Amino acid sequence: MHSFLQSQVSRPFLTWQLILDWAEEHYRYRTFSKDERIPARSELLYLVQRGAVRLVGTAQVSAAAGKSKSHSTSIDSSEEAFLGFVGAGQPFEIVAQSPFKLQAYAHIDQTSVVWMYWQDLDNWPHFRREVMDAFRYQHQRKLLWLATLGQRRTIDRLLGFLTLLVEEYGEPCELVRKTGNEPGYCLPWALTHAQIGSAIGSTRVTVTRLMGKLRTTGFIHTHGDHIICLPSAIRGRRLGA
């Protein structure tokens, strides 16, 4: 798992503690409950101190119906899509550009977030560099995400999406099989099939069916509260047609 705050080697604990102290002093620190919306603004920088943030995009789509202007009607619909996680120790920002709107939600209980203006980073030049490095890393991951979403078959998009998530946020675990245990990696949080479907351009029903197929073929494993796991040996394997 990549985190620009995860190691005391790359970041002295004292620096992060100073930032937390500053945030609390300036009322820039708050803890959110599961699924609570984080009132993020586009001009601010946000840092996830604990927990996980779920980013969601909403596009206001307007379509004109009818052959003539006099008889045309406007059909507005709002489509929501899951855009990914921001884990503990990672930064994020909200970019507002009509007709698209980004929103952030606490994905689990006790998710704590610090926010500041970009100029506040002048107090910690080394920290500013690490924030920029983290955003560059996120940009690279988004390019991989886009490549995954370009796959023609839904099952390939699904497996690629889950693989990217587990690669970035997965924690080592041991998968229990009938033939014996094997090493793997599990997401630390649950995702609904509806959220997965919105991320890969599919439906909840299709995702449920394909998840069953991936479990049967051994490409994924689930346990507990819909926690998704991938065997360590999954890399290099291919799905059948």
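**Exercise 1.** What share of the chain's contacts with a separation of 6 or more comes from residues 24 or more positions apart?

*Solution.* Keep in mind that this model is predicted. Start by counting a contact wherever heavy atoms lie within 4.5 Å. Then keep the contacts with a separation of 6 or more; residues 24 or more positions apart account for 70% of them.

**Exercise 2.** Describe the cover and the surface of the chain.

*Solution.* First, take the residues under 20% relative accessible area as buried: they make up 41% of the 241 residues. Next, turn to the exposed area, which is about 13700 Å². Carbon and sulfur atoms supply 54% of that area.

**Exercise 3.** Pick out helix 3 among the five helices and check its span and its cover.

*Solution.* Helix 3 covers residues 154-169, 16 in number. Its expected span is 1.5 Å times one less than the number of residues, which gives 22 Å. The model reaches 22 Å from the first C-alpha to the last, close to that expectation. As for cover, 13 of the 16 residues are buried, and helix 3 is thus mostly covered.

**Exercise 4.** Twelve strands are found in the chain. Work out how four of them form an open sheet, and find its edges.

*Solution.* Write down the order, 1-8-3-6, with antiparallel pairing. Strand 1 (29-32) and strand 6 (91-92) each have a single partner strand, so one side of each is left without a neighbour in the sheet. Now look at strand 3 (residues 44-50) and strand 8 (residues 111-117): six bridges join them. One partnership to locate on screen is Leu45 with Met116 of strand 8.

Notes
Residues numbered from 1 in each chain as written. Predicted model: local features only at pLDDT ≥ 70, side-chain atom pairs only at ≥ 80, totals over all residues. Heavy atoms only, no water. Helix = DSSP H or I, 4+ residues; strand = E, 2+ residues; numbered from the N terminus. Buried < 20%, exposed > 50% of the residue type's maximum accessible area, 1.4 Å probe, protein only. Areas by Shrake-Rupley, 256 points an atom, 1.4 Å probe, with all protein chains shown as cover. Pairing = 2+ DSSP bridges.
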